[in-house]
4 protein chains.
Amino acid sequence: MYIKINFKGKIPIYKQLRNQIVEGIATGELKRKEVLPSARQMAADLGINVHIISKSYKMLQNQDFVTIHKRKGTRVNPPFQIRRIDFEDNLFSELKTILSESYCRGISKNRVKAVVDRIYKNFTKE
Amino acid sequence: MYIKINFKGKIPIYKQLRNQIVEGIATGELKRKEVLPSARQMAADLGINVHIISKSYKMLQNQDFVTIHKRKGTRVNPPFQIRRIDFEDNLFSELKTILSESYCRGISKNRVKAVVDRIYKNFTKE
Amino acid sequence: MYIKINFKGKIPIYKQLRNQIVEGIATGELKRKEVLPSARQMAADLGINVHIISKSYKMLQNQDFVTIHKRKGTRVNPPFQIRRIDFEDNLFSELKTILSESYCRGISKNRVKAVVDRIYKNFTKE
Amino acid sequence: MYIKINFKGKIPIYKQLRNQIVEGIATGELKRKEVLPSARQMAADLGINVHIISKSYKMLQNQDFVTIHKRKGTRVNPPFQIRRIDFEDNLFSELKTILSESYCRGISKNRVKAVVDRIYKNFTKE
DNA sequence: GTGGTCTAGACCACG
DNA sequence: GTGGTCTAGACCACA
């Protein structure tokens with residue numbers, strides 16, 4: 001999977017990596033049960049300190065996206081394990097913030113929905 | 001307008017305030033041309049340092065939501081001034097991140113759209 | 001003479017007024033020895049407090065542009081009285097700042113000179 | 001690079017610093033891609049509070065002169081990034097004000113142009 | 001009475 | 001070791 005880190009931006013590196021892996025899982029670029037590259041490998045590929053990669057992987061584990069095995073490496077979880085109860089509240093409040101700005105800037109509801117469609121179209125139907 | 005700050009969370013206070021003001025503008029709780037409470041007043045109300053309030057207000061000004069006037073205070077801009085060109089790119093990438101997680105957690109496209117509907121329903125129709 | 005005040009901008013009102021009067025003197029819109037409108041009159045025309053107009057007039061007097069007579073009103077000084085010794089240093093440092101930015105933004109020396117020409121063309125040759 | 005702050009003058013410190021850095025970029029004293037001293041370092045050197053330095057740096061970032069990097073510090077941008085569209089209008093109105101005063105004080109157009117030449121001569125030819 | 005500037009301290013996130 | 005956030009105080013310019 002192709003990872004692109006923006007070193008200049010405001011988003012911390014470990015979070016960029018986390019986000020892109022989540023996106024990779026959603027789009028199917030990272031298949032379920034696939035093993036992620038070792039932290040050391042990933043660090044070498046991206047030119048980043050190993051600790052940062054580990055931080056991302058741990059974050060992903062805490063959020064139920066992956067499971068870290070000391071021997072077997074880091075593996076993507078099957079979907080049903082990824083569910084989390086309070087996530088929908090979080091989704092609502094995050095959307096509320098970004099959509100408020102969208103609305104203020106004159107973006108219509110239908111336009112937002114079109115963007116949602118465009119994004120979901122890239123996700124794997126399993 | 002009612003403001004609720006979470007002092008424990010990870011989102012910085014000045015950003016929480018900024019977000020809630022933007023949401024207030026979108027829902028119509030804050031009318032266009034309305035004057036926001038003075039930085040000092042708001043600081044006293046929320047039990048927050050004045051500088052933080054100023055920071056929020058300046059951020060809102062930089063993003064064209066309000067105009068800060070030395071003598072008259074901070075005023076919400078009329079809608080046509082709020083447009084920003086590169087915002088839709090930003091919207092896309094932010095949605096892509098949050099919706100990837102939604103998808104992984106089993107939230108369907110229609111459910112997301114229902115949330116979008118629910119949020120937009122609270123916005124003012126002008 | 002036509003005065004235009006921008007109430008939203010960062011430049012304080014008294015300074016905007018001062019600048020426009022200096023520009024009026026330079027372009028000849030305000031003839032030498034002409035009497036400026038009384039502070040009260042100007043205040044009424046612009047919808048501004050009298051004290052602010054007075055502040056501008058006093059500033060102009062301190063900088064040798066006008067002379068305030070209690071009875072006769074505020075009169076534009078003849079040119080030779082306006083000279084000030086340390087002004088050229090001031091001109092240099094102000095130009096240095098603004099031209100540094102011009103240069104950084106890719107504006108050539110000739111373009112700057114063209115702007116200088118355009119501005120000077122509007123000044124009165126007496 | 002040598003910085004000189006006037007603590008008594010009317011120009012705020014953060015703006016003086018900003019101006020001198022822009023001038024340093026124009027003259028080439030500050031090379032493109034050079035890292036500025038850390039805010040703390042600069043603050044210690046000048047005997048100024050850290051926040052003021054940060055304010056200058058942020059202002060320079062907003063104006064596209066530098067990029068602030070949390071870990072690597074603040075770096076001067078390469079020239080092509082510094083362009084800004086509406087700058088020439090700003091240049092015109094600023095020059096109009098200062099040149100009106102120059103004209104009133106008897107400084108000829110050629111003299112102004114000589115000053116422009118003198119300033120531009122110190123800028124780096126790339 | 002408003003926002004702007006400045007100081008002098010603290011703790012935290014990032015890497 | 002960097003910048004970011006936050007606090008609690010002060011004085012000033014503008015109108």
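Biologist: Before we get to chains A and B, how are the copies superposed here?
Modeller: Copies are superposed by least squares on the C-alpha atoms of residues with pLDDT of at least 70 in both. Keep in mind that this is a predicted model.

Biologist: OK, so what rotation puts chain B on chain A?
Modeller: Chain B lands on chain A after a rotation of 178 degrees, with 0.1 Å of shift along the axis and an RMSD of 0.3 Å. That is how a two-fold axis relates two copies.

Biologist: Which residue of chain B comes closest to that rotation axis?
Modeller: B:Lys113, whose C-alpha is 3.3 Å from the axis.

Biologist: And how many residues does each chain put into the contact?
Modeller: Chain B puts in 35 residues and chain A 36 residues. On the side of chain B that touches chain A, α1 (13–27), α4 (87–104) and α5 (109–121) each give two or more residues. The largest share there, 15 residues, belongs to α4(B).

Biologist: What's that side of chain B like by class?
Modeller: It has 20 nonpolar, 5 polar and 10 charged residues.

Biologist: Why do you say the copies meet through the same surface?
Modeller: Because 100% of the interface residues of chain B are also interface residues in chain A.

Biologist: Let's zoom in on α4(A) and α5(B). At roughly what angle do their axes cross?
Modeller: Roughly 55 degrees, and the axes come within 10 Å. Angles of 65 to 115 degrees would count as roughly perpendicular and those under 35 as roughly parallel, so α4(A) and α5(B) are oblique to each other.

Biologist: Left-handed or right-handed crossing?
Modeller: Right-handed, as α4(A) passes α5(B).

Biologist: Which residues meet there?
Modeller: From α4(A) you have A:Leu91, A:Phe92, A:Leu95, A:Lys96, A:Leu99 and A:Tyr103. Facing them in α5(B) are B:Val115, B:Val116, B:Ile119 and B:Tyr120. By class, this helix contact has 9 nonpolar residues, 1 charged and no polar ones.

Biologist: Switching to the DNA: which residues come nearest to strand E?
Modeller: Of the 25 residues around DNA strand E, the nearest are A:Ile13, B:Ser38, D:Pro12, D:Ile13 and D:Asn49.

Biologist: Which elements supply that surface?
Modeller: At least two residues each come from α1 (13–27) of chain A, from α2 (39–46), α3 (50–62) and β2 (73–76) of chain B, and from α1 (13–27) and α3 (50–62) of chain D. The largest share, 3 residues, is from α2(B).

Biologist: And how does the surface near strand E divide by class?
Modeller: Into 11 nonpolar, 9 polar and 5 charged residues.

Definitions and conventions: Residues are numbered from 1 along each chain as its sequence is written. Chains are lettered from A and ligands numbered from 1 in the order in which they are written. This is a predicted model: local features need pLDDT of at least 70, side-chain atom pairs count only at pLDDT 80 or more; totals for chains, interfaces and linings use all residues. A residue is near a molecule or strand if its C-beta atom, placed from the backbone, lies within 6 Å of it. Helices (H or I, at least four residues) and strands (E, at least two) are DSSP runs, numbered from the N terminus. Ala, Val, Leu, Ile, Met, Phe, Trp, Tyr, Cys and Pro count as nonpolar, Asp, Glu, Lys and Arg as charged, and the others, Gly among them, as polar. Two residues are in contact if their C-beta atoms, placed from the backbone, lie within 7 Å. Axes are lines fitted to C-alpha atoms, for helices over the stretch in contact, and angles run from 0 to 180 degrees between N-to-C directions. Angles under 35 degrees count as roughly parallel, over 145 as roughly antiparallel, 65 to 115 as roughly perpendicular and the rest as oblique. A crossing is left-handed if the near helix is turned anticlockwise from the far one by less than a right angle, and right-handed if clockwise.
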